[in-house]
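Got your viewer open? Let's take a walk through this one, one selection at a time.

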Amino acid sequence: MKQATGTGFPRARKDQLIVRQLRDEVLVYDLKNNRAHCLNHTAALVWKSCDGRRTVSDITRQLEGDLKATVDDKVVWLALGQLEKFKLLKNGIDWPGGLPHISRRDLIRAGGADAVLLPLVISISAPTAVSAATAITGAVCATRHANDLPGNGGCIGTPCVSPVGTTCKKVGTASAPCGCA
Amino acid sequence: MAKIDRLGWAAGISFRVCGLRLGVRVNDPAVLKQVIKLLPPGWIPSHSPYVEMLFSLLVGGESQRANVRRFNLVYFDAARLARTTDLDAALESLEMGLNFYVSAEARRRVFVHAGVVAWRDQAIVLPGGATTGKTTLVAELVRQGATYYSDEHAVLDAQGRVHPYAKPLAIYSESTGARIKTPVSDLGGTAGVKPLPVRLVVASEYRKGAQWRARELSPGKGVLALLANTVSARRRPEAALATLRQVVRGARVLKSVRGEAKETADAILQELSLR
(Lines give C-alpha, C1' and ligand atoms only; values in the text may rest on other atoms or scores of the structure.)
Protein backbone atom coordinates (compact mmCIF):
# COMPACT_ATOMS: atom_id res chain seq x y z
CA MET A 1 0.00 0.00 0.00
CA LYS A 2 1.27 3.43 -0.87
CA GLN A 3 1.59 6.35 1.51
CA ALA A 4 -0.15 9.65 0.97
CA THR A 5 2.59 11.97 -0.23
CA GLY A 6 1.01 15.06 -1.69
CA THR A 7 -2.25 16.42 -3.00
CA GLY A 8 -5.27 14.90 -4.66
CA PHE A 9 -4.77 17.22 -7.63
CA PRO A 10 -1.80 15.96 -9.63
CA ARG A 11 0.14 18.53 -11.58
CA ALA A 12 2.47 17.72 -14.48
CA ARG A 13 6.02 18.97 -14.13
CA LYS A 14 7.01 21.36 -16.91
CA ASP A 15 10.31 22.86 -15.88
CA GLN A 16 13.57 21.56 -17.35
CA LEU A 17 11.78 19.23 -19.72
CA ILE A 18 11.95 19.02 -23.50
CA VAL A 19 8.63 17.67 -24.73
CA ARG A 20 7.97 16.45 -28.27
CA GLN A 21 4.85 14.86 -29.70
CA LEU A 22 5.39 11.90 -32.00
CA ARG A 23 2.11 10.72 -33.47
CA ASP A 24 0.21 9.29 -30.46
CA GLU A 25 3.24 9.20 -28.20
CA VAL A 26 5.06 11.91 -26.29
CA LEU A 27 8.81 12.05 -25.88
CA VAL A 28 10.14 13.79 -22.81
CA TYR A 29 13.78 14.60 -22.12
CA ASP A 30 14.46 15.50 -18.50
CA LEU A 31 17.36 17.96 -18.33
CA LYS A 32 17.60 17.52 -14.55
CA ASN A 33 18.60 13.87 -14.60
CA ASN A 34 19.37 13.26 -18.31
CA ARG A 35 16.67 10.69 -18.75
CA ALA A 36 14.48 10.31 -21.81
CA HIS A 37 10.96 8.96 -21.54
CA CYS A 38 8.43 7.76 -24.06
CA LEU A 39 4.82 8.07 -22.92
CA ASN A 40 2.31 6.00 -24.84
CA HIS A 41 -0.99 7.56 -25.87
CA THR A 42 -2.82 6.85 -22.60
CA ALA A 43 0.06 7.93 -20.37
CA ALA A 44 0.42 11.09 -22.45
CA LEU A 45 -3.28 11.92 -22.12
CA VAL A 46 -3.17 11.44 -18.34
CA TRP A 47 -0.02 13.56 -18.08
CA LYS A 48 -1.58 16.36 -20.10
CA SER A 49 -4.65 16.28 -17.88
CA CYS A 50 -2.60 16.77 -14.73
CA ASP A 51 -3.13 20.51 -14.41
CA GLY A 52 -3.30 20.70 -10.61
CA ARG A 53 -7.05 21.40 -10.67
CA ARG A 54 -8.46 18.05 -11.72
CA THR A 55 -8.95 15.14 -9.35
CA VAL A 56 -8.32 11.55 -10.41
CA SER A 57 -12.03 11.16 -11.09
CA ASP A 58 -11.97 14.22 -13.33
CA ILE A 59 -8.97 12.85 -15.20
CA THR A 60 -10.70 9.50 -15.61
CA ARG A 61 -13.71 11.18 -17.18
CA GLN A 62 -11.47 13.24 -19.42
CA LEU A 63 -9.64 10.07 -20.47
CA GLU A 64 -12.90 8.30 -21.25
CA GLY A 65 -13.80 11.16 -23.55
CA ASP A 66 -10.40 11.17 -25.24
CA LEU A 67 -10.24 7.40 -25.72
CA LYS A 68 -13.96 7.00 -26.35
CA ALA A 69 -13.96 4.01 -24.03
CA THR A 70 -14.90 3.18 -20.47
CA VAL A 71 -11.93 3.65 -18.19
CA ASP A 72 -11.45 2.37 -14.65
CA ASP A 73 -9.97 4.78 -12.09
CA LYS A 74 -7.20 2.24 -11.58
CA VAL A 75 -5.92 2.94 -15.09
CA VAL A 76 -5.34 6.55 -14.13
CA TRP A 77 -3.73 5.53 -10.85
CA LEU A 78 -1.43 3.23 -12.80
CA ALA A 79 -0.43 6.12 -15.06
CA LEU A 80 0.09 8.45 -12.12
CA GLY A 81 2.28 5.86 -10.42
CA GLN A 82 4.54 5.68 -13.46
CA LEU A 83 4.62 9.45 -13.95
CA GLU A 84 5.52 9.92 -10.30
CA LYS A 85 8.21 7.24 -10.49
CA PHE A 86 9.89 9.06 -13.37
CA LYS A 87 9.54 12.46 -11.68
CA LEU A 88 7.13 13.84 -14.25
CA LEU A 89 4.71 15.18 -11.64
CA LYS A 90 5.33 18.41 -9.82
CA ASN A 91 3.69 17.40 -6.60
CA GLY A 92 3.25 14.02 -5.02
CA ILE A 93 -0.05 12.23 -5.17
CA ASP A 94 -2.40 11.41 -2.33
CA TRP A 95 -2.78 7.69 -2.79
CA PRO A 96 -6.17 6.60 -1.45
CA GLY A 97 -6.01 4.55 1.71
CA GLY A 98 -6.28 0.86 0.96
CA LEU A 99 -5.31 1.20 -2.69
CA PRO A 100 -3.06 -1.76 -3.42
CA HIS A 101 -0.11 -1.68 -5.78
CA ILE A 102 -1.51 -1.63 -9.32
CA SER A 103 0.29 -3.26 -12.20
CA ARG A 104 -0.55 -3.56 -15.89
CA ARG A 105 -0.72 -7.32 -15.50
CA ASP A 106 -3.26 -7.08 -12.66
CA LEU A 107 -5.50 -4.82 -14.70
CA ILE A 108 -5.38 -7.07 -17.75
CA ARG A 109 -6.09 -10.17 -15.62
CA ALA A 110 -9.01 -8.48 -13.95
CA GLY A 111 -10.42 -7.62 -17.36
CA GLY A 112 -10.37 -3.97 -16.34
CA ALA A 113 -8.69 -2.72 -19.45
CA ASP A 114 -7.49 -3.50 -22.94
CA ALA A 115 -3.69 -3.88 -22.92
CA VAL A 116 -3.33 -1.37 -25.73
CA LEU A 117 -5.17 1.25 -23.71
CA LEU A 118 -3.06 0.83 -20.60
CA PRO A 119 -0.59 3.58 -19.81
CA LEU A 120 3.08 2.88 -20.32
CA VAL A 121 6.14 5.01 -19.72
CA ILE A 122 9.44 3.67 -21.11
CA SER A 123 12.55 5.38 -19.83
CA ILE A 124 16.28 5.35 -20.58
CA SER A 125 19.26 7.16 -19.19
CA ALA A 126 20.81 9.26 -21.96
CA PRO A 127 24.37 8.10 -22.61
CA THR A 128 27.36 10.27 -21.86
CA ALA A 129 29.44 11.12 -24.91
CA VAL A 130 32.18 8.80 -23.70
CA SER A 131 29.89 5.84 -23.11
CA ALA A 132 28.43 6.24 -26.61
CA ALA A 133 31.90 6.50 -28.12
CA THR A 134 33.61 3.90 -30.27
CA ALA A 135 35.32 1.15 -28.31
CA ILE A 136 39.09 1.23 -28.11
CA THR A 137 41.67 -1.53 -28.08
CA GLY A 138 43.80 -2.37 -25.07
CA ALA A 139 46.81 -0.81 -26.82
CA VAL A 140 45.07 2.57 -27.13
CA CYS A 141 43.82 2.37 -23.56
CA ALA A 142 47.38 1.75 -22.40
CA THR A 143 48.56 4.99 -24.06
CA ARG A 144 46.39 7.01 -21.69
CA HIS A 145 48.56 7.86 -18.85
CA ALA A 146 48.19 10.85 -16.63
CA ASN A 147 45.40 12.75 -14.97
CA ASP A 148 45.29 15.28 -17.80
CA LEU A 149 41.80 14.34 -18.94
CA PRO A 150 38.70 13.76 -16.87
CA GLY A 151 37.15 10.37 -16.22
CA ASN A 152 38.58 7.39 -14.41
CA GLY A 153 41.82 9.06 -13.39
CA GLY A 154 42.76 10.23 -16.88
CA CYS A 155 41.82 6.95 -18.52
CA ILE A 156 38.55 8.56 -19.72
CA GLY A 157 36.35 5.47 -19.27
CA THR A 158 35.86 4.71 -22.97
CA PRO A 159 34.41 1.25 -23.68
CA CYS A 160 37.02 -1.37 -24.62
CA VAL A 161 36.79 -3.87 -27.45
CA SER A 162 38.01 -6.68 -25.27
CA PRO A 163 37.28 -8.15 -22.79
CA VAL A 164 33.62 -7.50 -23.63
CA GLY A 165 31.90 -5.13 -21.21
CA THR A 166 35.07 -3.49 -19.93
CA THR A 167 36.07 0.17 -20.00
CA CYS A 168 39.42 1.94 -20.01
CA LYS A 169 39.98 2.77 -16.37
CA LYS A 170 42.66 3.32 -13.80
CA VAL A 171 44.10 -0.03 -12.81
CA GLY A 172 46.75 1.24 -10.48
CA THR A 173 50.25 0.56 -11.73
CA ALA A 174 52.54 3.56 -11.98
CA SER A 175 54.09 2.65 -15.33
CA ALA A 176 50.80 1.71 -17.04
CA PRO A 177 47.95 3.19 -15.04
CA CYS A 178 45.20 2.65 -17.61
CA GLY A 179 43.85 -0.72 -18.63
CA CYS A 180 40.67 -2.37 -19.89
CA ALA A 181 38.92 -3.75 -16.84
CA MET B 1 52.10 30.85 -24.80
CA ALA B 2 51.48 27.41 -23.35
CA LYS B 3 54.42 25.10 -22.78
CA ILE B 4 53.15 22.75 -25.45
CA ASP B 5 53.42 25.53 -28.06
CA ARG B 6 57.18 25.70 -27.53
CA LEU B 7 57.85 22.07 -28.41
CA GLY B 8 59.09 22.70 -31.93
CA TRP B 9 56.23 21.98 -34.29
CA ALA B 10 57.41 21.47 -37.85
CA ALA B 11 54.28 20.81 -39.90
CA GLY B 12 50.53 20.71 -39.63
CA ILE B 13 47.19 20.73 -41.36
CA SER B 14 43.97 22.60 -40.74
CA PHE B 15 40.73 21.23 -42.09
CA ARG B 16 36.96 21.46 -41.89
CA VAL B 17 34.58 18.61 -41.21
CA CYS B 18 30.91 18.57 -40.12
CA GLY B 19 30.95 22.33 -39.55
CA LEU B 20 34.06 22.20 -37.34
CA ARG B 21 37.49 23.72 -37.95
CA LEU B 22 40.21 21.45 -36.64
CA GLY B 23 43.97 21.24 -36.84
CA VAL B 24 46.73 18.71 -36.28
CA ARG B 25 50.37 19.65 -35.86
CA VAL B 26 53.39 17.37 -35.74
CA ASN B 27 57.05 17.78 -34.90
CA ASP B 28 58.15 15.48 -37.71
CA PRO B 29 56.98 16.40 -41.24
CA ALA B 30 57.47 12.79 -42.37
CA VAL B 31 54.60 11.62 -40.14
CA LEU B 32 52.09 14.11 -41.54
CA LYS B 33 51.23 11.81 -44.47
CA GLN B 34 50.21 9.10 -42.01
CA VAL B 35 48.16 11.61 -40.01
CA ILE B 36 46.27 12.75 -43.11
CA LYS B 37 45.14 9.16 -43.74
CA LEU B 38 43.53 9.16 -40.28
CA LEU B 39 41.44 12.32 -40.65
CA PRO B 40 37.66 11.91 -40.30
CA PRO B 41 35.77 11.04 -43.51
CA GLY B 42 34.55 14.04 -45.46
CA TRP B 43 37.29 16.44 -44.33
CA ILE B 44 38.30 19.24 -46.62
CA PRO B 45 41.47 21.32 -46.27
CA SER B 46 41.17 24.76 -44.81
CA HIS B 47 43.45 27.65 -45.65
CA SER B 48 42.75 29.42 -42.39
CA PRO B 49 45.24 28.81 -39.57
CA TYR B 50 42.50 29.46 -37.00
CA VAL B 51 40.96 26.31 -35.57
CA GLU B 52 38.61 25.60 -32.67
CA MET B 53 40.47 22.50 -31.55
CA LEU B 54 44.10 21.66 -32.13
CA PHE B 55 45.51 18.16 -31.82
CA SER B 56 49.27 17.67 -31.53
CA LEU B 57 51.44 14.62 -32.16
CA LEU B 58 54.96 14.70 -30.82
CA VAL B 59 56.97 11.85 -32.30
CA GLY B 60 59.58 10.61 -29.86
CA GLY B 61 61.85 8.98 -32.41
CA GLU B 62 65.03 7.09 -31.65
CA SER B 63 67.24 7.99 -28.73
CA GLN B 64 71.00 7.87 -29.03
CA ARG B 65 71.19 6.30 -25.59
CA ALA B 66 70.09 2.70 -25.48
CA ASN B 67 68.54 2.93 -22.02
CA VAL B 68 66.42 5.99 -22.76
CA ARG B 69 62.89 5.60 -24.03
CA ARG B 70 61.43 8.54 -25.93
CA PHE B 71 57.69 8.71 -25.80
CA ASN B 72 55.31 9.61 -28.59
CA LEU B 73 52.80 12.07 -27.17
CA VAL B 74 49.32 13.03 -28.35
CA TYR B 75 47.65 16.18 -27.11
CA PHE B 76 44.06 17.30 -27.31
CA ASP B 77 44.39 21.07 -26.95
CA ALA B 78 46.79 21.29 -23.97
CA ALA B 79 45.68 18.03 -22.36
CA ARG B 80 47.68 14.89 -22.95
CA LEU B 81 45.65 12.18 -24.59
CA ALA B 82 48.34 9.52 -25.03
CA ARG B 83 51.90 8.69 -24.07
CA THR B 84 53.47 5.64 -25.61
CA THR B 85 56.67 4.32 -27.18
CA ASP B 86 54.55 2.66 -29.88
CA LEU B 87 53.97 5.14 -32.74
CA ASP B 88 51.12 3.06 -34.22
CA ALA B 89 49.28 3.17 -30.89
CA ALA B 90 49.85 6.94 -30.74
CA LEU B 91 48.44 7.36 -34.24
CA GLU B 92 45.43 5.19 -33.37
CA SER B 93 44.88 7.26 -30.27
CA LEU B 94 45.02 10.46 -32.34
CA GLU B 95 42.49 8.99 -34.76
CA MET B 96 40.15 8.01 -31.92
CA GLY B 97 40.51 11.50 -30.42
CA LEU B 98 39.67 13.22 -33.70
CA ASN B 99 36.67 10.97 -34.30
CA PHE B 100 35.40 11.42 -30.80
CA TYR B 101 35.63 15.20 -30.98
CA VAL B 102 33.84 15.33 -34.33
CA SER B 103 31.08 12.94 -33.21
CA ALA B 104 30.43 14.90 -30.02
CA GLU B 105 30.71 18.44 -31.36
CA ALA B 106 29.54 18.25 -35.00
CA ARG B 107 27.28 21.10 -36.04
CA ARG B 108 24.07 20.39 -37.94
CA ARG B 109 24.74 16.66 -37.66
CA VAL B 110 23.83 14.09 -35.03
CA PHE B 111 26.15 11.11 -34.61
CA VAL B 112 24.58 7.85 -33.54
CA HIS B 113 26.87 4.95 -32.71
CA ALA B 114 25.69 2.57 -35.43
CA GLY B 115 26.58 0.64 -38.53
CA VAL B 116 24.99 1.86 -41.76
CA VAL B 117 24.50 0.29 -45.17
CA ALA B 118 22.22 1.08 -48.11
CA TRP B 119 20.08 -1.28 -50.08
CA ARG B 120 18.51 0.04 -53.28
CA ASP B 121 18.99 3.64 -52.17
CA GLN B 122 17.39 3.00 -48.78
CA ALA B 123 19.51 3.24 -45.68
CA ILE B 124 19.56 0.59 -42.96
CA VAL B 125 20.82 1.83 -39.59
CA LEU B 126 22.08 -0.67 -37.01
CA PRO B 127 22.48 1.16 -33.69
CA GLY B 128 24.37 -0.55 -30.92
CA GLY B 129 26.91 0.01 -28.23
CA ALA B 130 30.50 -1.12 -28.21
CA THR B 131 31.09 -4.79 -28.98
CA THR B 132 27.53 -5.58 -30.08
CA GLY B 133 28.75 -6.93 -33.43
CA LYS B 134 27.90 -3.98 -35.67
CA THR B 135 30.99 -4.25 -37.86
CA THR B 136 30.51 -7.99 -38.37
CA LEU B 137 26.92 -7.45 -39.46
CA VAL B 138 27.81 -4.51 -41.71
CA ALA B 139 30.55 -6.60 -43.37
CA GLU B 140 28.09 -9.43 -44.01
CA LEU B 141 25.50 -7.06 -45.50
CA VAL B 142 28.19 -5.61 -47.78
CA ARG B 143 29.16 -9.13 -48.88
CA GLN B 144 25.49 -9.66 -49.78
CA GLY B 145 25.50 -6.59 -52.01
CA ALA B 146 24.65 -3.67 -49.74
CA THR B 147 26.45 -0.35 -50.18
CA TYR B 148 28.74 0.56 -47.31
CA TYR B 149 28.14 3.79 -45.38
CA SER B 150 29.78 3.26 -41.99
CA ASP B 151 30.63 0.65 -39.40
CA GLU B 152 30.88 3.22 -36.65
CA HIS B 153 28.50 6.17 -36.89
CA ALA B 154 25.20 7.04 -38.48
CA VAL B 155 25.70 10.70 -39.35
CA LEU B 156 22.23 12.22 -39.49
CA ASP B 157 21.10 15.61 -40.77
CA ALA B 158 18.08 17.66 -39.72
CA GLN B 159 15.91 15.96 -42.38
CA GLY B 160 16.71 12.59 -40.87
CA ARG B 161 18.91 11.51 -43.80
CA VAL B 162 22.06 9.54 -43.18
CA HIS B 163 25.38 10.66 -44.68
CA PRO B 164 28.33 8.43 -45.58
CA TYR B 165 31.07 8.13 -42.97
CA ALA B 166 32.97 5.43 -44.74
CA LYS B 167 36.24 4.68 -43.04
CA PRO B 168 37.82 1.28 -43.62
CA LEU B 169 35.94 -1.31 -41.56
CA ALA B 170 37.63 -2.00 -38.24
CA ILE B 171 37.33 -5.78 -38.03
CA TYR B 172 38.36 -7.07 -34.65
CA SER B 173 40.78 -9.97 -34.57
CA GLU B 174 40.30 -12.17 -31.53
CA SER B 175 43.72 -13.74 -32.01
CA THR B 176 45.69 -10.48 -31.93
CA GLY B 177 43.30 -8.27 -29.97
CA ALA B 178 43.77 -5.61 -32.64
CA ARG B 179 41.46 -4.07 -35.16
CA ILE B 180 42.31 -4.80 -38.74
CA LYS B 181 41.43 -1.94 -41.03
CA THR B 182 39.71 -3.48 -44.00
CA PRO B 183 38.85 -1.40 -47.08
CA VAL B 184 35.30 -2.06 -48.26
CA SER B 185 36.71 -3.13 -51.64
CA ASP B 186 38.34 -6.11 -49.90
CA LEU B 187 34.82 -7.33 -49.12
CA GLY B 188 33.77 -6.87 -52.74
CA GLY B 189 31.68 -3.81 -51.91
CA THR B 190 31.55 -0.10 -52.59
CA ALA B 191 31.02 2.92 -50.38
CA GLY B 192 28.04 5.24 -50.71
CA VAL B 193 28.56 8.88 -51.55
CA LYS B 194 25.18 10.59 -51.18
CA PRO B 195 22.84 11.12 -48.22
CA LEU B 196 19.89 8.74 -48.08
CA PRO B 197 16.60 8.51 -46.21
CA VAL B 198 16.53 5.86 -43.48
CA ARG B 199 14.01 3.10 -44.17
CA LEU B 200 14.94 0.56 -41.52
CA VAL B 201 16.47 0.79 -38.06
CA VAL B 202 17.50 -2.52 -36.52
CA ALA B 203 18.43 -2.53 -32.85
CA SER B 204 20.05 -5.90 -32.32
CA GLU B 205 22.73 -7.44 -30.20
CA TYR B 206 24.73 -10.58 -30.90
CA ARG B 207 24.12 -13.55 -28.61
CA LYS B 208 25.59 -16.89 -29.40
CA GLY B 209 22.93 -19.26 -30.68
CA ALA B 210 20.16 -16.65 -30.63
CA GLN B 211 17.35 -16.80 -33.17
CA TRP B 212 16.21 -13.73 -35.09
CA ARG B 213 12.79 -12.78 -33.73
CA ALA B 214 12.16 -9.18 -34.72
CA ARG B 215 9.39 -7.12 -33.24
CA GLU B 216 8.48 -3.70 -34.49
CA LEU B 217 8.88 -0.81 -32.08
CA SER B 218 6.61 2.21 -31.96
CA PRO B 219 8.19 5.43 -33.29
CA GLY B 220 8.68 6.74 -29.75
CA LYS B 221 10.46 3.60 -28.59
CA GLY B 222 12.47 3.77 -31.81
CA VAL B 223 13.68 7.24 -30.89
CA LEU B 224 14.77 5.92 -27.48
CA ALA B 225 16.65 3.03 -29.15
CA LEU B 226 18.58 5.55 -31.25
CA LEU B 227 19.01 8.09 -28.46
CA ALA B 228 20.61 5.41 -26.27
CA ASN B 229 23.49 5.40 -28.78
CA THR B 230 23.64 9.10 -29.60
CA VAL B 231 26.98 10.70 -28.79
CA SER B 232 25.57 14.21 -28.22
CA ALA B 233 22.43 13.05 -26.37
CA ARG B 234 23.31 14.92 -23.19
CA ARG B 235 25.05 17.89 -24.74
CA ARG B 236 22.36 18.75 -27.27
CA PRO B 237 19.23 16.76 -26.45
CA GLU B 238 16.89 19.11 -28.28
CA ALA B 239 18.73 18.76 -31.59
CA ALA B 240 19.12 15.02 -31.07
CA LEU B 241 15.39 14.50 -30.43
CA ALA B 242 14.39 16.64 -33.41
CA THR B 243 16.69 14.72 -35.74
CA LEU B 244 15.78 11.26 -34.46
CA ARG B 245 12.09 12.12 -34.71
CA GLN B 246 12.65 12.83 -38.40
CA VAL B 247 14.41 9.50 -38.82
CA VAL B 248 11.59 7.39 -37.37
CA ARG B 249 8.92 9.26 -39.31
CA GLY B 250 10.09 7.49 -42.44
CA ALA B 251 11.54 4.30 -41.02
CA ARG B 252 10.44 1.06 -39.42
CA VAL B 253 12.27 0.22 -36.22
CA LEU B 254 12.88 -3.43 -35.38
CA LYS B 255 14.39 -4.97 -32.29
CA SER B 256 15.76 -8.46 -31.83
CA VAL B 257 18.64 -10.42 -30.45
CA ARG B 258 20.61 -12.02 -33.22
CA GLY B 259 22.77 -15.02 -33.84
CA GLU B 260 25.18 -15.41 -36.72
CA ALA B 261 25.65 -12.46 -39.05
CA LYS B 262 24.71 -14.27 -42.25
CA GLU B 263 21.26 -15.32 -41.05
CA THR B 264 20.64 -11.88 -39.62
CA ALA B 265 21.70 -10.14 -42.83
CA ASP B 266 19.29 -12.36 -44.80
CA ALA B 267 16.48 -11.51 -42.38
CA ILE B 268 17.18 -7.78 -42.52
CA LEU B 269 17.23 -7.66 -46.31
CA GLN B 270 14.05 -9.71 -46.34
CA GLU B 271 12.40 -7.16 -44.02
CA LEU B 272 13.36 -4.35 -46.35
CA SER B 273 12.15 -6.10 -49.47
CA LEU B 274 8.73 -6.74 -47.88
CA ARG B 275 7.99 -3.02 -48.01
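Which residue in strand 3 of chain A is the bridge partner of Val28(A)? Pick Val28(A) and look across to strand 3: the partner there is His37(A). Keep in mind as you click around that this is a predicted model.

**Stop 1: the sheet in chain A**

Now select residues 25-30 and 35-39 of chain A, which are strand 2 and strand 3. These two run antiparallel and are joined by five bridges. Widen the selection and you'll find an open, antiparallel sheet of four strands, in the order 1-2-3-4. Its edges are strand 1 (17-22) and strand 4 (121-125) of chain A, each of which pairs on one side only. On average, neighbouring strands in this sheet are turned by 15 degrees against each other, if you ignore direction.

Zoom out to the whole of chain A, and you can count five helices and six strands. Follow the chain along its sequence and the pattern reads β-β-β-α-α-α-α-β-α-β-β. Of its 181 residues, 41% are buried.

**Stop 2: a helix from the other chain**

What lies across strand 1, strand 2, strand 3 and strand 4 of chain A? Select residues 219-227 of chain B, and there is helix 4. Helix 4 of chain B runs at about 165 degrees to strand 3 of chain A. Nine of the nine residues of this helix are buried, so the rest of the structure largely encloses it. Among those buried residues are Pro219(B), Lys221(B) and Leu224(B).

Click on Leu227(B) next. Leaving out residues up to four places away in sequence, Leu227(B) touches Ala36(A), Ile124(A) and Ala126(A) in chain A, plus Ala233(B), Ala240(B) and Leu244(B) in chain B. Leu227(B) also belongs to the largest nonpolar core, which has 126 residues. Val46(A), Val117(B), Val125(B), Val223(B) and Leu227(B) are the ones with the most contacts inside this core. The largest share of the core comes from helix 2 of chain B, with nine residues. In soluble globular proteins, nonpolar side chains tend to be buried together.

**Stop 3: where the chains meet**

Colour the two chains separately. On the chain B side, 43 residues are in contact with 36 residues of chain A. Strand 6, helix 2, helix 4 and helix 5 (237-249) of chain B each supply at least two residues to that side. Which of chain B's elements gives the most? That's helix 2, with eight residues. By class, the chain B side divides into 20 nonpolar, twelve polar and eleven charged residues.

**Stop 4: the sheet in chain B**

Stay in chain B and find its open sheet of six strands, ordered 3-1-2-4-5-6 with mixed pairing. Strand 3 (44-45) and strand 6 (79-84) of chain B are the edges. Strand 5 (residues 72-76) and strand 6 run antiparallel, joined by five bridges. Click Val74(B), and its bridge partner in strand 6 is Ala82(B). Now add residues 87-105: this is helix 2 of chain B, which packs on the sheet and makes an angle of about 10 degrees with strand 5.

**Stop 5: two crossing helices**

For the last stop, select residues 134-143 and 261-273 of chain B, which are helix 3 and helix 6. Their axes are 9 Å apart, and the helices pack at an angle of about 60 degrees. The crossing is right-handed. Leu137(B) and Leu141(B) are among the helix 3 residues that take part, and Ala265(B) and Ile268(B) are among those from helix 6. In total, this contact has five nonpolar, two polar and two charged residues.

Notes
Residues numbered from 1 in each chain as written. Chains lettered and ligands numbered in written order. Predicted model: local features only at pLDDT ≥ 70, side-chain atom pairs only at ≥ 80, totals over all residues. Pairing = 2+ DSSP bridges. Contact = placed C-beta atoms within 7 Å. Axes fitted to C-alpha atoms, helices over the stretch in contact; angles between N-to-C directions. Left-handed = near helix turned anticlockwise from the far one by under 90°. Nonpolar A, V, L, I, M, F, W, Y, C, P; charged D, E, K, R; others polar. Core = buried A, V, L, I, M, F, W, Y, C linked by C-beta atoms within 7 Å. Buried ≥ 20, exposed ≤ 12 C-beta atoms within 10 Å, placed from the backbone.
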